[in-house]
Amino acid sequence: MAASSKSKKITSNVVVHVVLLLLAFICLAPIVLVVFNSFKENSEIVRNPLALPNILHLENYISAWTTGQFAKGFWNSIQLTGITIIIVLVCSTLAGYVLSGKRIKGSGGVLLYFMMAMTVPIQLFLFPLYYAFAKLNLIGNIPATSLILAAVQMPLAVFLMRTFFLNVPKELEEAARIDGASTAQVIWNVMRPVVSPGLITVGVLVGLQAWNEYLISSTFLQGEKNFTATLGFLSMNGSYGANMGLLMAAAVILIGPVIIFFLIMQKYFVDGMVSGAVKG
Amino acid sequence: MKTKKMNWNYLLIAPALLISVSIILIPGIMTILYSFTDWNGLSPKINFIGVRNFIELFQDKIFFRAILNNVIWVVMFLTIPVCVGMLAAMLLLGRKKTRSIYQVGFLIPYILAPAVNAMLWLNIMFSPISGVVAALRNLGLDLSSPLASMKTAIYACAGVDIWHYWPYLTVIYLAALRQTPADQVEAARVEGCNAWQLFRYVYLPNIMSTVSLMFIMITIGSFLAFDYIKLLTGGGPAHATEVLGTYAYSFAFSSMKVGKAAAVGLFISFFGLIASGIYTRISRKESME
């Protein structure tokens, strides 16, 4: 009796792992294939895309780095993402603090506004914004594009920061106030240390979105010298479609840093995703 | 003296509000106004043409094709990733040691940029020259890229997006499932519930609010679908994969009909609004019970 229930347990464990491994295979197979093919010559890929590379053609990577102009692309991506993160963190922390209590009149209205702004489709404001930016000569301007990405991310960030501030014990702020601290001192010395894990979570969430964003950055960052790494890669796909090995190496160059960053920061990624979803 | 004490809080909330209003609210209102005009984006002359943009859209076959494709997108996203995501979450719930390793593996497609994912699938999976499709052709199967056929292209696009999206649902469901009170699970086990009953009568009721929130988010998101279609097919072949997002975009930037693009943009918002309306209704009902 005990033995049969134990063997039943083992079988069910095996089945569970088989299903999970199958799902992991589906997720990772295309990425593994890209890594394989990034070391091959184009003719090798065309002969059999599924085969392992015979010789590791590292020159794919060298020429991909230069033809994709990744040095500039990564620098632009870093600027775009960095500026977006800074704008969102500064503004959402301040707003989150204010909205975490009844500190101003009409805070309910502001919350309702951000709630609505969160579900607004990009196509509702994209077109007038594009032509306004064109008039102001801001097409291809990285900080200006960051501002748009920041505006898109702002509502969620405000809600998340507000939740973090709500979790700060009231007594902490009151005690500081009694000691004569100003609002700036309260935020910087009392609140900041308590909410800083939240800041990392929001920063990671916003940074990932900004790094990966396609619709806004492809619309507003025109002109090759303003391309992010992703946009540079996309333009390569058009011009070097016949050299698959080169393209695959470029893809790996793009994917690699993101995966490494994700592996290091995974806890914050998952936290950000979960808190972002629950807050609605 | 008393009036001198200024409320700094108004100043603190100003930057966030200012950015949001100038980037989203004002252009949003302008979109509503533009939808009643024939503006082409360049000319200083803007004519008010009433509801002509909307009438033209209602006589436009491609517009309805786009709505239909959005509906296909909703249906596919409400079934496949929801089921796969839930299955994976339930399986991971019982794996205490290996859980985080699997989760990291699953999440990799989710954290990669749509532009990269789309190029990956285009070149290494769907391509009849350099992809898995090519490998299957070498084996003698008569295949072509599913993106090239008018019948299958929309499903292929959705498939790639689903491949990227479902792990997100797994993470969300898993986080919710872990909140289920242990004593309820224990009681059900003692009663002799099997796995399905455990899920149906213990876990599912506990995570129902997360499940329905995700339903709404998926529905809203499906009407916003843009990235994968634009990148994989650009709306083609022959508008077969056109969705509202790509259709509005091509009006604004290819055929220079900003007024019409604005009108399509309003439709996208409208469908999103219906979904949020239903959600508020459901959640209000729930809280009243």
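Let's start in the loop between helix H8 (182–190) and helix H9 (195–206) of chain B, where you'll find B:Cys193. Keep in mind that this is a predicted model. Is B:Cys193 buried or exposed? Neither label quite fits: with 16 other C-beta atoms within 10 Å, B:Cys193 is partly exposed, because being buried takes 20 or more and being exposed takes 12 or fewer. Which residues does B:Cys193 touch, if you skip the neighbours within four places in sequence? The answer is B:Ala188, B:Leu198 and B:Tyr201. Now look back along the chain to B:Val171, which is 22 residues away from B:Cys193 in sequence; in space, their C-alpha atoms are 25 Å apart.

Compare that with another pair. B:Ala175 sits in helix H7 (residues 153–177) of chain B. B:Ala175 and B:Leu93 are 82 residues apart along the chain, yet their C-alpha atoms are separated by 9.2 Å. B:Ala175 has 19 C-beta neighbours inside 10 Å, so it counts as partly exposed; the cut-off for buried is 20 or more.

Next, follow chain B on to the loop between helix H11 (227–232) and helix H12 (244–253), which holds B:Ala238. B:Ala238 isn't a glycine, but it has a positive phi of about 50 degrees. B:His239 is in the loop between H11 and H12 too, and has a positive phi of about 65 degrees, again without being a glycine. How do their surroundings look? B:Ala238 counts as exposed because it has 11 C-beta neighbours inside 10 Å. B:His239 has 18 such neighbours, so it counts as partly exposed.

Time to zoom out to chain B as a whole. How many helices and strands does chain B have? There are 13 helices and zero strands, so to speak an α repeated from start to finish when you read along the sequence. Along the principal axes, the C-alpha atoms of chain B fill a box of roughly 85 × 75 × 35 Å. A compact globule of 289 residues would have a radius of gyration near 19 Å, but chain B comes out at 24 Å. Of its 289 residues, 43% count as buried. And if you take the contacts in chain B with a separation of 6 or more, 65% of them join residues 24 or more positions apart.

Chain B has a partner, of course. In chain A, 69 residues are in contact with 67 residues of chain B. Which helix gives the largest share of the side of chain A that touches chain B? That would be helix H12 (residues 244–278) of chain A, with 15 residues. The residues on this side of chain A divide into 57 nonpolar, eleven polar and one charged.

While you're in chain A, have a look at helix H9 (residues 183–212). If this helix of 30 residues were straight, it would span 44 Å, but its end C-alpha atoms are only 36 Å apart. Where does H9(A) bend? The bend, about 65 degrees, is at A:Arg192, and a proline, A:Pro193, follows within four residues.

Finally, a word on confidence. The mean pLDDT of chain A is 85, with 96% of its residues reaching 70 or more. Among the elements of chain A, helix H4 (residues 70–99) has the highest mean pLDDT, 92, and helix H2 (residues 42–47) the lowest, 76. Where pLDDT is low, the predicted coordinates shouldn't be read in detail.

Technical notes: Residues numbered from 1 in each chain as written. Chains lettered and ligands numbered in written order. Predicted model: local features only at pLDDT ≥ 70, side-chain atom pairs only at ≥ 80, totals over all residues. Contact = placed C-beta atoms within 7 Å. Helix = DSSP H or I, 4+ residues; strand = E, 2+ residues; numbered from the N terminus. Nonpolar A, V, L, I, M, F, W, Y, C, P; charged D, E, K, R; others polar. Expected span 1.5 Å × (residues − 1). Bend = angle between axes of the 7 residues up to and from the residue. Rg over C-alpha atoms; globule rule 2.2 N^0.38 Å. pLDDT = per-residue confidence, 0-100.
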